[in-house]
Amino acid sequence: MKRFEAAPMAVPGNRPVEAHIADAHNLLALLEQERAALQLMDHERLSLVCREKAQALTRLGGLLMAIKQSGTTGVSAEQRQELQDVLLRCVQETRTNDALLETRSARARRMLQALQGSPANYDGRGRGRYGFSGSLHGAA
């Protein structure tokens, strides 16, 4: 006697809900990789992760739109809860990455301001006004 197994629940787009949940977990992993790349200031890795993240967000956006339009059709309460939990973690990770980016950006702005033109420290040609001894260049 042949047994029939229930087919995975699908949402519009003919993909099983489990595939979409896996996409959400993948997005979370990419956000964690993004944080690591930001901390290490690994620009090549960050660029690669950002491209992958854009693709993951596109896939996930399709699911969110389908759920919004169809209500709860094809998604169990457990699946909806798992998806909400993973997406909440994604939001938290995004906020962490945003704060890290803002810190790095503020530091870079301060460095640029210091290098670009504090008249008290640099002359018109970008050379330091003071020597190693602390004396003013060109002073007798």
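User: Is threonine 96 buried, partly exposed or exposed?
Analyst: Happy to start there. This is a predicted model, in which local features need pLDDT of at least 70, side-chain atom pairs count only at pLDDT 80 or more, and totals for chains, interfaces and linings use all residues. Residues are numbered from 1 along each chain as its sequence is written, and side-chain values use heavy atoms, with hydrogens and water left out. Buried means under 20% relative accessible area and exposed over 50%, with partly exposed in between (1.4 Å probe, protein chains only); at 39%, threonine 96 is partly exposed.

User: Which helix holds threonine 96, and how far is its C-alpha from that of glutamate 32?
Analyst: Helices here are DSSP runs of H or I with at least four residues, numbered from the N terminus. Threonine 96 is found in helix H3. Its partner in this question, glutamate 32, is 64 residues away in sequence, yet the C-alpha to C-alpha distance is 9.7 Å.

User: Asparagine 97 is also worth a look: which residues does it touch beyond four places in sequence?
Analyst: Asparagine 97 is found in helix H3, residues 77–117. It has a relative accessible area of 2%, so it is buried. Counting contact as heavy atoms within 4.5 Å, and leaving out residues up to four places away, asparagine 97 touches Leu31, Glu34, Arg35 and Leu38.

User: How far apart are the end C-alpha atoms of helix H1?
Analyst: Helix H1 covers residues 17–40, which is 24 residues. The expected span is 1.5 Å times one less than the number of residues, so H1 should span 34 Å. The model agrees with that, as the end C-alpha atoms are 35 Å apart.

User: Which residue follows H1, and what is its phi?
Analyst: Good one to check on the backbone. The residue after H1 is methionine 41. Its phi is positive, near 55°.

User: Which element gives the most residues to the largest nonpolar core?
Analyst: A nonpolar core is a set of buried Ala, Val, Leu, Ile, Met, Phe, Trp, Tyr and Cys residues joined through side-chain atoms within 4.5 Å. The largest one has 15 residues, and those with the most contacts inside it are Ala24, Leu27, Leu60, Leu83, Val86 and Cys90. The elements giving two or more residues to this core are H1, helix H2 (43–70) and H3. With seven residues, the one that gives the most is H1.

User: How many disulfides are there?
Analyst: Cysteine 90 is buried at 5% relative accessibility, whereas cysteine 50 is partly exposed at 33%. Beyond four places in sequence, cysteine 90 is in contact with Ala24, Leu27, Leu28 and Leu31. A disulfide is a pair of cysteine sulfur atoms within 2.5 Å, and by this rule the count is zero.

User: Which residue forms a salt bridge with glutamate 34?
Analyst: A salt bridge is a side-chain nitrogen of Lys or Arg within 4 Å of a carboxyl oxygen of Asp or Glu, and the structure holds four. Glutamate 34 is buried, with a relative accessible area of 7%. At an N to O distance of 2.8 Å, its side chain meets that of lysine 53.

User: How far apart in sequence are the parts tied together by glutamate 93 and arginine 35?
Analyst: Their side chains meet in a salt bridge at 2.5 Å, N to O. Glutamate 93 counts as buried at 10% relative accessibility, while arginine 35 counts as partly exposed at 25%. Glutamate 93 lies in helix H3 and arginine 35 in helix H1, so the separation in sequence is 58 residues.
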